[in-house]
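Visitor: I am new to this structure and should like to be guided through it. May we proceed by question and answer?

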Amino acid sequence: MTGLLPVFRRFGILLCVLLLGGCAGLQPYPETPRVSLVSIQPLEMQMLEQRFALQLRIMNPNEVEIPVAGLSYSIEINQREFAYGVSQQAVDIPPYGEALLQVEVVSNLLNVMRQLQQMGDSKGDGGLQYRLHGKIGLAGLRRGLPFDYAGKLRYRDPDSDAPAAPEGD
């Protein structure tokens with residue numbers, strides 16, 4: 001029996017190595033997609049709820065296609081939650097390619113009022129820090145791909161004709 005113990009030990013180590021190698025091969029997306037904000041526009045302004053249209057750019061830094069089945073996301077402005085949303089919009093993003101998606105977010109009056117107050121209290125640097133984060137749902141898979149992107153929203157100076165635009169980090 002003592003002669004079999006080293007054989008079982010070697011077999012156990014070999015089995016662990018094969019299982020770990022197999023799990024690594026199941027991860028077809030070694031790099032997280034980059035999701036950035038292209039534009040934000042108001043859609044509906046109700047008393048207690050506001051809806052905004054976002055245009056998002058999803059970039060695939062991987063050598064395999066990403067079959068997007070949907071998204072869940074939220075946007076923070078100046079480190080406070082501003083709006084959130086979900087989308088069932090499906091798109092296949094080719095390897096080393098990108099796609100633009102039009103999605104909606106919903107906010108509430110309290111979040112908008114906090115942001116307006118903070119804009120009034122700011123030194124007038126012409127911009128707001130934002131963070132866009134969430135998860136990309138994958139077609140045919142239960143797991144999703146997380147994303148997290150930060151940048152600066154530049155708003156228009158009243159004395160300038162330049163439009164407002166996001167700026168990434």
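## A guided reading

Guide: Let us begin with a single residue: Ser36 is buried, with a relative accessible area of 11%. Please keep in mind that the model is predicted.

Visitor: In which strand does Ser36 lie, and which residues does Ser36 touch beyond those up to four places away in sequence?

Guide: The place of Ser36 falls within residues 34–45, a range that belongs to strand S1. Residues up to four places away in sequence are not counted among the contacts. The strand is therefore S1, and the residues touched are Gln55, Leu56, Arg57, Leu132 and Tyr149.

Visitor: How many helices and strands does the protein chain have?

Guide: Along the sequence, the elements follow the pattern α-β-β-β-β-β-β-α-β-β-β. The secondary structure thus comes to two helices and nine strands.

Visitor: Which element of the protein chain has the lowest mean pLDDT?

Guide: For the protein chain, the mean pLDDT is 80, and 69% of the residues reach 70 or more. Over residues 21–26 the pLDDT is below 50, and this stretch has one contact in the model beyond near neighbours in sequence. Among the elements, strand S5 (residues 91–93) has the highest mean, 95, while the lowest, 57, belongs to helix H1 (residues 4–25).

Visitor: What percentage of the residues in the protein chain is buried?

Guide: A residue counts as buried under 20% relative accessible area. The protein chain has 169 residues, and the buried share of them is 33%.

Visitor: Which element gives the largest share of the largest nonpolar core?

Guide: This core has 30 residues, and Leu56, Leu71, Tyr130, Leu132 and Ile136 have the most contacts inside it. Elements that give two or more residues include S1, strand S2 (49–59), strand S3 (66–77) and strand S7 (127–138). The largest share is six residues, and the element that gives it is S3.

Visitor: Which residues does Ile136 contact, leaving aside neighbours within four places in sequence?

Guide: Ile136 is one of the residues with the most contacts inside the largest nonpolar core. With neighbours within four places set aside, the contacts of Ile136 are Pro33, Val35, Ile58, Val68, Gly70, Leu71, Gly144, Leu145 and Phe147.

Visitor: How many bridges join S3 to S7?

Guide: One example of a bridge partner is Leu138 in S7, which is matched with Val68. S3 and S7 run antiparallel, and the number of bridges that join them is nine.

Visitor: Which residue in the turn between S7 and S8 has a positive phi?

Guide: S7 and S8 pair in the antiparallel sense over 11 bridges. Leu132 has its bridge partner in S8, namely Tyr149. The two strands S7 and S8 form a hairpin with five residues between them, and the turn residue with a positive phi, about 80°, is Gly140.

Visitor: How far apart in sequence are the parts that Glu104 and Arg51 tie together?

Guide: The side chains of Glu104 and Arg51 meet in a salt bridge at 3.3 Å, N to O. Glu104 lies in strand S6 and Arg51 in strand S2, so the parts tied together by this pair are apart in sequence by 53 residues.

Visitor: Are Glu104 and Arg51 buried or exposed?

Guide: Buried means under 20% relative accessible area and exposed means over 50%, with partly exposed in between. Glu104 has a relative accessibility of 38%, and Arg51 has one of 27%. Because both values fall between the cut-offs, Glu104 and Arg51 count as partly exposed.

Visitor: Which residues do salt bridges that share partners join into one network?

Guide: Glu76 and Arg131 meet through their side chains in a salt bridge of 3.2 Å, N to O; since Glu76 lies in strand S3 and Arg131 in strand S7, this pair ties together parts 55 residues apart in sequence. Arg131 also meets Asp148 in a salt bridge, at 2.7 Å, N to O. Asp148 lies in strand S8, so the pair with Arg131 ties together parts 17 residues apart in sequence. The network formed through shared partners consists of Glu76, Arg131 and Asp148.

Visitor: How much of the accessible surface of the protein chain belongs to carbon and sulfur atoms?

Guide: The accessible surface of the protein chain comes to about 11000 Å². The part of this surface that belongs to carbon and sulfur atoms is 58%.

Key: Residues are numbered from 1 along each chain as its sequence is written. Side-chain values use heavy atoms; hydrogens and water are left out. Buried means under 20% relative accessible area, exposed over 50%, partly exposed in between (1.4 Å probe, protein chains only). Contact means heavy atoms within 4.5 Å. pLDDT is the predictor's confidence in each residue, from 0 to 100. A nonpolar core is a set of buried Ala, Val, Leu, Ile, Met, Phe, Trp, Tyr and Cys residues joined through side-chain atoms within 4.5 Å. Two strands pair if DSSP finds at least two bridges between them. Accessible areas come from the Shrake-Rupley method with a 1.4 Å probe; for residues, only the protein chains shown count as cover. A salt bridge is a side-chain nitrogen of Lys or Arg within 4 Å of a carboxyl oxygen of Asp or Glu.
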